[in-house]
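Subject: Structure for your project, with notes

Dear colleague,

I am passing on the structure we talked about, together with some notes on what I found in it. Please open it alongside this message as you read.

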Amino acid sequence: MTQHFIVIGNPIAHSKSPEIHTLFAAQTGIEISYQRQYCPDDAASFTAVLEAFFQGGGVGANVTVPFKQIAYDCCAACGGLSEHAKVAGAVNTLLLNKALVKSGVPITEALYGDNTDGQGLVNHILSLGWPLNGARVALIGAGGAARGVILPLIEAGIAHLTIANRTLSKATALVTELSAASTAIHEQQIETCRTTELNGQFDIIINATSIGLSADTLPLSDTLNGDYAYDMMYGRPLPFLQHFSARGAQISDGYGMLIEQAALSFERWTGHTIDVVQATETLHSR
Ligand code: NDP
């Protein structure tokens, strides 16, 4: 029987998720339909879309910009959130608690939200053979993407984290919030600074800003160096990676993170494990 999935966003036409999940389904031998779902940018429309989808027998939904916080609010209202979603303050993967629905609870109160973005980043970095355990990591950015990767990076055993952001107050507020939200995160483990003041030697430097969407480049210190540089953006030339490649670092964009987070969503929904290496090779060869 075909299992139905959607990815909800605005805009959504560019999403690669249907292609990725269709490939996962072929790999695991299950029959799925995975559609892009446009939604007007308001909470009422978002919950109406979810209600209609799950009412119609949908199995799982991915959530992308700008709905990750709204999805979090929906799940927080009924308490169905994973630890990673709670700490990230955002949901990218939705499941329905069918037992609750059977017992008469409305669909909108039976949603369970997870966030696989941060673990997707960690899994991709590990698959590249880059060291995370004991690593000194610099994370540039203090928005939603940065927030979602902090707990998974700490769980992966990094030794020290520096968060650099254009607006310093957002980085310091983020650390205070996260250390209150999770016992695994300690304020003493994390330093903050302005992006322009980030300097010294790191094992891994991660760009979690949205600067790649603009024509700007990050103002990086000449004394900032890393053995490895990762940009969470993908699909376009990235000056951040060019900068560190020229200084001898190994580099990666965020396409592998996208595939890894999708594999985790697929596994949550279906119970099937994905061979991500094989899936990545197939996607690259297209
Ligand atoms: P947000 O809007 O929440 O945060 C943007 C961040 O970028 C802030 O820290 C902001 O700094 C910083 N920033 C923006 N413009 C500039 C600039 N000109 N100079 C310096 N800093 C700047 O975005 P998200 O966190 O949601 O997304 C960040 C990136 O991560 C996006 O490019 C997104 O595509 C990517 N991403 C990739 C994923 C993947 O699977 N590969 C998954 C999720 C996200 P300030 O606080 O000062 O405004």
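The notes below go through the strands, two peptide bonds and the core.

This is a predicted model, in which local features need pLDDT of at least 70 and side-chain atom pairs count only at pLDDT 80 or more, while totals for chains, interfaces and linings use all residues. Residues are numbered from 1 along each chain as its sequence is written.

Helices (H or I, at least four residues) and strands (E, at least two) are DSSP runs, numbered from the N terminus, and two strands are said to pair if DSSP finds at least two bridges between them. Strand β1 (3–9) pairs in the parallel sense with β2 (residues 32–38) over seven bridges, where Q3 has I32 as its bridge partner. β1 also pairs in the parallel sense with β3, over four bridges, and here F5 stands opposite G60. Five of the seven residues of β1 are buried, buried meaning that 20 or more other C-beta atoms, placed from the backbone, lie within 10 Å of a residue's own (12 or fewer is exposed, in between partly exposed). Together β1, α1 and β2 make a right-handed β-α-β unit; right-handed means that, with the strands pointing away from the viewer, the path from the first strand over the helix to the second runs clockwise.

Strand β4 (residues 93–96) pairs with β5 in the antiparallel sense over four bridges, and L95 stands opposite Y112 of β5. In β5 (residues 111–114), L111 and G113 point one way while Y112 and D114 point the other, and all are buried.

Most peptide bonds are trans. The bond from N10 to P11, however, is cis, with omega near 5 degrees, and P11 is found in the loop between β1 and α1 (17–28). A cis peptide bond also joins V65 and P66, with omega about 5 degrees, and P66 is found in the loop between β3 (60–63) and α3 (68–78).

Finally, the largest nonpolar core (a set of buried Ala, Val, Leu, Ile, Met, Phe, Trp, Tyr and Cys residues joined through C-beta atoms within 7 Å) has 90 residues, and V137, I163 and I206 have the most contacts inside it. Its largest share, eight residues, comes from helix α10 (residues 255–270). The core draws at least three residues from each of domain 1 (3–114 + 257–285) and domain 2 (119–252), with domain bounds taken from an automatic or database domain assignment.

Best wishes
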